[in-house]
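Biologist: I've just opened this one and I'm new to it. Could you walk me through how to read its features?

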Amino acid sequence: MFVQAGISTKWANNSQHFILEYFDIIHNSPSHIYHSALPLYPSTSWLHECYSTELLQEVKVVKGLPVEWGTYSHAVSFSFVPQVLAYWNNKIAIGLQSHHHNIIILDATMGNQISVLSSHTNWVRSLIFSPDGAFLVSGGDDKTIKLWDVQTGGVVMTFYGHTSSVTSVSISPDNATIVSGSWDGIICIWGIQSGECYQIIKSHNHKVTTVCFSPAHPQHFVSASEDGTVRHWDLHGHQIKPTHGGHYIIFSPNGTYSVSCEGTVVTVQISASGKLMAKFHSPAADFNYCCFSPNEQFVAGAAGGTIYIWDIASPDPHLVRTIVHSGFINSLTFSSSDIFSSSLVSASNDKTVKFWQSGTNWSTDPVITSPTPGSAPIESVSVQADDGIAISSDSAGVVKKWDLSTGLCKASFVSPAKGKRDIQLIDGRLIIVWYDWKIGAPGKVHIWDVEKEEIIWMLGQSWSRALDLKISGDGSKVFLLNHQSIQAWNISTGEYIGEVKFKGQQPQGLTVYGSRVWLSYLAPITYAYSDSDPLGWDFGISGCSPIPLSNTPPDRPHFNLVDGAAQNCVGSSWIEDTATKQPVFYLPKRFTENSKVSCWDKQYLVIGHNSGEVLILDFSHIYPK
């Protein structure tokens, strides 16, 4: 039915994105597939359209919902370094640098282990599935080539003849022939039916790095070597094309194109004519691996710890994406299936295999993490739910008012604010406070009326850099956090309210509820403190010094961001109900990485990002007023 409706590819790609993006939540809390996953799906996705009715009673993304899919990844970690990959349909074969010398077969969707193939007596260096996926061919440091039955996991045949490590293997499109290359500089051609090597080619004068059959010509293959040459052969061992440069080469799935690596250069050619299509360069490391997408639109190349993805189908072939591993990339492959044409898998010295999934265009990224041209990091956000607006301010001084019901920008202007700042609508007036400090000069708190475009007050005088600056929830006070103290002023009168000094580790910011203030820390506090060293104070009692409070804010809003999503989060985060301690909503990494500031107003969550984008979530269906 799906195929007849023409949506099988949509279903497969949406499902693949779903699993990669929400792998942890599916594993740990399946009910949040509805509560958290579907509401954040791109507005044009097939899944979002199918479940639109069910989403009416869930969290609403007012602003920041991506229109299209971006690029997401899921990592599978190993105890040993993954050396080589092969991808067919929904299976991935991995050769590990382990003392077991096993080949691991994973489910390409979930990354779960399906089987283990054991027979090699040293590291496996090359893997390739047969075109029909029924067989797997491997070559390794034990100088052997093995043909495996994928379904049973058994060895069908072992081929002996090389005198050094087998570095590359390839199987012909008709499953009749295997070609192998070795560090001994020799190429062997093997008949699968007979199990015999019927042709030996001694032409390269250094280690053979690659052998690859042409999908368009089953009787032809290419070889590349550390001698810097690429050679084209027939199965009789005759060289059929002139020698050219390169140390790695591979054909596109239909054999239309070939791509070769030579140092920091990747060259794409039309296979039949040898006509040059494009040349791409790495700014630093040499390329060691390349592969084609199944639809032959994209070429991916690995250089050091970076993956480069180019669009070669464009009239002007160009780089569309770079992806970074934390270690050297040993192997790289696209899915062999047109249904999963945007799936890419990489193996790295960081002991991970990463599954990458993109939309139809690898250049597309979620709006939240993709910087808008001319944008600047968001420095502050605030919510005035009663007025139906959220306010953001970026590092360039651009202030925007957002409609909480539509997510549209109602007004935008440039403020004179510099440094730390906060913005709030107070008695119908938009007020900006900021702290202007320069080395060698005292800093002051500025209070500015936006409508009148005038400074109301310039308060205090401090020689310290501001760590945080906050307006109280009722708009009556402004709090300034320095390295060892908190100071407060009355916004209406400019009157100085008082100061408290604290000891120990430098805090990251302030948590303000009404006239009560607590120090907040990005990491767990590492110094010992007792009730005599308070972390919170009440500045609201007239005529009195600030009164120490319990170290835990007793009157918290409905929600709490868990795992640091509010401040430069590097991973995914849960939003937790602080009364029940139950998770309410899950924010995946793409919505929290590079987040800079956030603000709750019990019903709304607003998060500002380094990209200059603002995310607004409406929780009214979960916690109505």
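Modeller: Happy to. Let's begin with accessible area: it comes from the Shrake-Rupley method with a 1.4 Å probe. Keep in mind that this is a predicted model. The chain exposes about 26,600 Å², and carbon and sulfur atoms supply 51% of that area.

Biologist: What share of the 625 residues counts as buried?

Modeller: Buried means under 20% relative accessible area. By that cut-off, 54% of the chain's 625 residues are buried.

Biologist: And how many helices and strands are there in the chain?

Modeller: The chain has six helices and 51 strands. Also, take the contacts with a separation of 6 or more: 44% of them come from residues 24 or more positions apart.

Biologist: OK, strands then. How do I read a sheet?

Modeller: The general idea is that strands of a sheet pair through backbone hydrogen bonds, either parallel or antiparallel. Now a case from here: an open sheet of four strands runs in the order E23-E24-E25-E26, with antiparallel pairing. Strand E23 (287-292) and strand E26 (318-324) are at the edges with a single partner strand each, so one side of each has no neighbour in the sheet. From one strand to the next, the twist averages 20 degrees.

Biologist: How many bridges join E23 to strand E24?

Modeller: Five bridges join E23 to E24 (residues 298-303), and the two run antiparallel. To find the register by eye, look for phenylalanine 292, which stands opposite valine 299 in E24.

Biologist: Which other strands could I practise on?

Modeller: Try the open sheet of four strands ordered E38-E39-E40-E41, where the pairing is antiparallel. Its edge strands are E38 (468-471) and E41 (496-501), and each pairs on one side only. Neighbouring strands in this sheet are turned by 15 degrees against each other on average, ignoring direction. E38 and strand E39 (residues 477-481) share four bridges in the antiparallel sense, and lysine 470 stands opposite phenylalanine 479 in E39.

Biologist: Where would I find a hairpin?

Modeller: Go to strand E42 (residues 509-513) and E43, which pair in the antiparallel sense over five bridges. They form a hairpin with two residues between them. In the turn, glycine 514 has a positive phi of about 65 degrees. Across this pair, threonine 511 has tryptophan 518 in E43 as its bridge partner.

Biologist: Is E43 (residues 516-520) mostly covered or mostly open?

Modeller: Mostly covered: four of the five residues in E43 are buried. E43 also pairs with strand E44 (residues 536-538), antiparallel and over three bridges. There, valine 517 has tryptophan 537 in E44 as its bridge partner.

Biologist: You mentioned a positive phi at a glycine. Which residues have one although they are not glycines?

Modeller: Two cases to look at are histidine 101, with a positive phi of about 60 degrees, and lysine 143, with one of about 70 degrees. Histidine 101 is in the loop between strand E4 (91-96) and strand E5 (103-107). Lysine 143 is in the loop between strand E8 (135-140) and strand E9 (144-149). Histidine 101 counts as buried because its relative accessibility is 15%, while lysine 143 is partly exposed at 39%.

Biologist: How about the nonpolar cores? Which residues touch the most other members in the largest one?

Modeller: Of the 42 residues in that core, Ile103, Leu136, Ile307 and Leu344 touch the most other members. Let's zoom in on isoleucine 307. Setting aside neighbours within four places in sequence, its contacts include Ile323, Ile329, Leu332, Leu344 and Trp356. Apart from the largest core there's another, of 20 residues, with Leu40, Phe591, Trp600 and Leu605 among them.

Biologist: One last try, with a single residue. Is threonine 229 buried or exposed?

Modeller: Buried: threonine 229 has a relative accessible area of 15%, and the cut-off for buried is under 20%. Threonine 229 belongs to strand E17 (residues 229-234).

Biologist: And what does its side chain make a polar contact with?

Modeller: The side chain of threonine 229 makes a polar contact with the side chain of histidine 204, at 3.2 Å. Leaving out residues up to four places away in sequence, threonine 229 touches His204, Ser223, Ala224, Thr243, His244, Gly245 and Gly246.

Terms used. Residues numbered from 1 in each chain as written. Predicted model: local features only at pLDDT ≥ 70, side-chain atom pairs only at ≥ 80, totals over all residues. Heavy atoms only, no water. Pairing = 2+ DSSP bridges. Axes fitted to C-alpha atoms, helices over the stretch in contact; angles between N-to-C directions. Core = buried A, V, L, I, M, F, W, Y, C linked by side-chain atoms within 4.5 Å. Buried < 20%, exposed > 50% of the residue type's maximum accessible area, 1.4 Å probe, protein only. Contact = heavy atoms within 4.5 Å. Polar contact = N/O pair within 3.5 Å; in protein donor to acceptor, adjacent residues only side chain to side chain.
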